[in-house]
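Welcome to this tour. Please open your viewer, switch to a cartoon view, and get ready to select a few residues as we go.

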Amino acid sequence: MNRFFNPDNPVFSFLGKLLDCIILNALWFVTSLPVFTIGSSTSALYYCTLKLSRESGSSVIGEFFHSFKTNLKSGAKLSVILIPCGIAIALAGRFYMRALLPLPLVALGCGLCLLFAVIYLIEILYVFPLLARFENTTAAMLKNAFVVGIRFPLCTVMMAVIHIAIFYIGYKYFFPIFFLGEGFCAFICSYLLKPVFALLEAGSLHEEKEL
């Protein structure tokens with residue numbers, strides 16, 4: 001019985017990290033409300049979940065706001081770039097889906113929108129974890145996010161599936177999972193990103209931040 005209630009017990013360790021995910025998801029949601037801070041809050045979220053994936057025990061609240069403050073300017077720049085791009089792609093896709101145009105033009109327009117949507121998805125999956133882990137300029141961060149996403153396609157697909165699955169399960173079957181939401185997605189994705197980042201660090205693609 002004493003072994004069961006030991007803080008080092010794997011069950012208690014898992015439950016503790018699950019609670020951390022709930023806390024991080026709430027912090028991420030609240031700090032994302034100004035919209036232009038979404039990049040900073042997502043970067044701070046990944047900063048904490050990457051530490052959790054390394055079994056690094058610390059105060060997630062303190063670590064979150066430390067990273068949020070550190071990456072506030074860089075995250076805001078990414079938000080200002082990526083949010084309008086996402087809206088533009090969505091509006092263009094909606095236009096071509098409803099436009100009364102010749103079929104070849106509709107097919108071409110929809111194909112281009114799909115291509116840009118895939119590129120956009122790769123960017124948002126990788127650019128914030130990269131910002132959390134490495135130092136670089138905004139332009140270089142966007143470029144490297146795409147390069148890494150193409151270089152590790154299995155990781156990219158799995159990260160996308162994780163986000164879609166959590167949203168679908170919450171929307172269709174189990175609404176309380178939204179309390180875990182992005183915090184849980186980032187936590188699982190951090191395990192997938194560990195070997196990827198290890199290879200990047202070995203290749204000195206970026207200047208590494210201290211975790």
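Which helix holds both F64 and F68, and how many residues apart are they? Select helix α3, residues 60–70: F64 and F68 both lie there, four residues apart, which is about one turn of the helix. Keep in mind as you look around that this is a predicted model.

**The whole chain**

Zoom out for a moment before going further. The chain has eight helices and two strands. Starting at the N terminus, you can follow the elements in the order α-α-α-α-α-β-α-α-α-β. If you colour by accessibility, buried residues make up 42% of the 211 residues in the chain. Of the contacts in the chain with a separation of 6 or more, 73% are accounted for by residues 24 or more positions apart.

**Aromatic rings**

Go back to helix α3 and show the side chains of F64 and F68. Both F64 and F68 are buried. The count of aromatic pairs comes to seven. One of them is F64 with F68, a stacked pair with 6.4 Å from centre to centre and 10° between the planes. Add F65 to your selection, and you have one aromatic cluster made of F64, F65 and F68.

For another arrangement, select F187 and Y191. Their ring centres are 5.2 Å apart and their planes stand at 85°, so this pair is edge-to-face. F187 and Y191 are about one helical turn from each other because they are four residues apart in helix α8, residues 181–203. Is each of these two buried or partly exposed? F187 has a relative accessible area of 8%, so F187 is buried. Y191 has a relative accessible area of 34%, so Y191 is partly exposed.

Now select R133 and F134. The charged end of R133 sits over the ring of F134, at 5.9 Å from the centre of that ring.

**W28 and its surroundings**

Next, select W28, which is found in helix α1, residues 10–32. With 21% relative accessibility, W28 counts as partly exposed, because buried means under 20%. Which residues does W28 touch, leaving out those up to four places away in sequence? They are S41, T42, L45, F64 and E182. F64 is a residue you have already met, in the stacked pair with F68. To check a distance in your viewer, pick the C-alpha atoms of W28 and S40: they are separated by 9.2 Å, with the two residues 12 apart along the chain.

**Two pockets**

Stay with W28 and turn on a surface. The largest pocket contains about 540 Å³ of space. It is lined by 22 residues, and W28, T42, I124, H163 and E182 are the closest to its centre. Helices α2 (38–53), α4, α5 (103–133), α7 (153–172) and α8 each give two or more residues to this lining. By class, the lining of the largest pocket divides into 17 nonpolar residues, four polar and one charged.

W28 also appears in the lining of the second largest pocket, together with I22, N25, A26, F29, F175, F178 and F179. About 170 Å³ of space lies in this second largest pocket. Its lining has seven nonpolar residues, one polar and no charged ones.

**Cavities**

How many cavities of 30 Å³ or more does a search of the whole structure find? It finds two. To see the second largest, select S74, L78, L131, N136, T137, T138 and M141, which line it. Its volume is about 30 Å³. Helices α4 and α6 (138–151) each supply at least two residues of that lining. The classes here are three nonpolar, four polar and no charged residues.

**Last stop: S79**

Finish in helix α4, residues 72–98, where S79 has its place. With 3% relative accessibility, S79 counts as buried. Show what lies around S79: leaving aside neighbours within four places in sequence, S79 is in contact with V35, F36, T37, I38, G39 and P84.

Conventions. Residues numbered from 1 in each chain as written. Predicted model: local features only at pLDDT ≥ 70, side-chain atom pairs only at ≥ 80, totals over all residues. Heavy atoms only, no water. Buried < 20%, exposed > 50% of the residue type's maximum accessible area, 1.4 Å probe, protein only. Contact = heavy atoms within 4.5 Å. Phe/Tyr/Trp six-rings, centres within 6.5 Å; stacked < 30°, edge-to-face > 60°. Lys NZ or Arg CZ within 6 Å of the ring centre and 35° of its normal. 1 Å grid on protein atoms, 1.4 Å probe; cavity = no way out; pocket = protein on both sides within 12 Å on 5 of 7 lines; lining within 4 Å. Points joined across faces, edges and corners; volume = space filled by probe spheres on them. Nonpolar A, V, L, I, M, F, W, Y, C, P; charged D, E, K, R; others polar.
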